[in-house]
Amino acid sequence: MKQSRGADLKNGALVVYEMVPSNSPPYVCYVTLPGGSCFGSFQFCPTKAEARRSAAKIALMNSVFNEHPSRRITDEFIEKSVSEALASFNGNREEADNPNTGIGAFRFMLESNKGKSMLEFQELMTVFQLLHWNGSLKAMRERQCSRQEVLAHYSHRALDDDIRNQMAMDWVNREQNSPGALSRELASTERELDEARLAGKELRFHKEKKDILMLAAGQLGSIHSSNC
């Protein structure tokens with residue numbers, strides 16, 4: 001369906017399964033969908049085949065629900081979402097029309113993705129969640145980049161190895177400045193990933209965080225080796 005709409009698919013039309021290395025149950029499997037969304041086995045799985053089926057089941061249920069025509073981003077959906085956001089944060093209507101405010105940025109992103117499904121929007125939001133987590137958005141604001149400029153740039157940029165390597169190097173620098181920061185963040189991320197997986201939630205944000213931190217640990221090991 002996505003391919004026929006001309007969507008930019010991360011792995012073509014492939015569905016990628018990834019088993020967590022283990023010699024005994026429970027086995028854990030992650031599945032990454034063509035657009036980049038990720039889900040994991042959410043039950044106790046005594047075999048690797050069962051873990052794969054469990055991951056596929058939750059991914060299918062979420063895809064069908066979030067790709068349904070009623071879950072598309074329309075004008076009505078945007079107004080309802082913005083009104084709910086204003087109510088949650090005690091904001092006023094002027095904030096929603098100003099792209100430099102948080103709610104204004106949220107509205108700008110919704111309007112930029114009008115016609116897309118919730119799953120496609122969720123995939124885009126993951127990029128901004130990672131930029132916020134990594135401190136990249138704060139750094140851009142300090143360089144006087146407007147929220148709208150940042151949104152416009154990253155709305156059309158896929159999460160690729162360049163972004164991951166850049167974020168991993170940020171964590172290498174943090175670890176060198178504050179020893180133990182990387183291991184603490186990794187432990188916290190692994191807990192969040194497990195909790196979200198067992199709750200049947202979409203996992204890409206947590207999984208990308210873990211992969212970036214593992215990449216940073218590998219880069220740190222290479223630096224230490226070269227210094228020996």
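The following exercises, each with a worked solution, concern the predicted model shown above.

Residues are numbered from 1 along each chain as its sequence is written, and side-chain values use heavy atoms, with hydrogens and water left out. In this predicted model, local features need pLDDT of at least 70 and side-chain atom pairs count only at pLDDT 80 or more, while totals for chains, interfaces and linings use all residues.

**Exercise 1. Overall composition**

Task: State which secondary structure elements the protein contains and in what pattern they follow one another.

Solution.
- Step 1. Helices (H or I, at least four residues) and strands (E, at least two) are DSSP runs, numbered from the N terminus.
- Step 2. On this basis the protein has 10 helices and four strands.
- Step 3. Along the sequence the pattern reads β-β-β-β-α-α-α-α-α-α-α-α-α-α.
- Step 4. Buried means under 20% relative accessible area, exposed over 50%, and partly exposed in between (1.4 Å probe, protein chains only). Of the 228 residues in the protein, 42% are buried.
- Step 5. A contact means heavy atoms within 4.5 Å. Among the contacts in the protein with a separation of 6 or more, 56% are between residues 24 or more positions apart.

**Exercise 2. The nonpolar cores**

Task: Identify the residues that touch the most other members of the largest nonpolar core, and the helices that supply this core.

Solution.
- Step 1. A nonpolar core is a set of buried Ala, Val, Leu, Ile, Met, Phe, Trp, Tyr and Cys residues joined through side-chain atoms within 4.5 Å.
- Step 2. The largest such core has 36 residues, of which Phe128, Leu131 and Tyr154 touch the most other members.
- Step 3. At least two residues of this core come from each of helices H2 (75–88), H4 (102–112), H5 (118–134), H6 (136–142), H7 (147–154), H8 (161–177), H9 (181–198) and H10 (204–227).
- Step 4. H5 provides the largest share of this core, eight residues.
- Step 5. With neighbours within four places in sequence left aside, Leu131 is in contact with Ser136, Leu137, Met140, Tyr154 and Met167.
- Step 6. Another core lies apart from the largest one; it has 11 residues, among them Val31, Phe39, Cys45 and Ala51.

**Exercise 3. Helix H5**

Task: Compare the expected span of H5 with the distance between its end C-alpha atoms, and describe how far the helix is covered.

Solution.
- Step 1. The expected span of a helix is 1.5 Å times one less than its number of residues.
- Step 2. For the 17 residues of H5 this should give 24 Å, and the end C-alpha atoms are 24 Å apart, which agrees.
- Step 3. Of the 17 residues of H5, 13 are buried, and the helix is thus mostly covered.
- Step 4. After H5 comes Gly135, whose phi is positive, near 85°.

**Exercise 4. Two backbone features in loops**

Task: Locate the cis peptide bond that joins Pro25 and Pro26, and describe the setting of Gln144.

Solution.
- Step 1. The bond joining Pro25 and Pro26 is cis, with omega about 0°.
- Step 2. Pro26 is found in the loop between strand S2 (16–19) and strand S3 (29–32).
- Step 3. Gln144 is not a glycine, yet has a positive phi of about 70°.
- Step 4. Gln144 is found in the loop between H6 and H7, and is exposed, with a relative accessible area of 68%.

**Exercise 5. Cys38, Ser37 and Thr32**

Task: Determine whether Cys38, Ser37 and Thr32 are buried or exposed, and list the contacts of Cys38 and Ser37.

Solution.
- Step 1. Cys38 lies in strand S4 (residues 38–40). At a relative accessible area of 2%, which is under 20%, Cys38 is therefore buried.
- Step 2. Neighbours within four places in sequence aside, Cys38 is in contact with Tyr30, Val31, Thr32, Lys201, Glu202, Leu203, Arg204 and Lys207.
- Step 3. Cys38 and Phe205 are 167 residues apart along the chain, and their C-alpha atoms are separated by 8.6 Å.
- Step 4. Ser37 is found in the loop between S3 and S4, and is buried, with a relative accessible area of 1%.
- Step 5. Not counting residues up to four places away in sequence, Ser37 touches Val31, Thr32, Leu119, Glu123, Glu202 and Arg204.
- Step 6. Thr32 lies in strand S3 and counts as buried at 15% relative accessibility.
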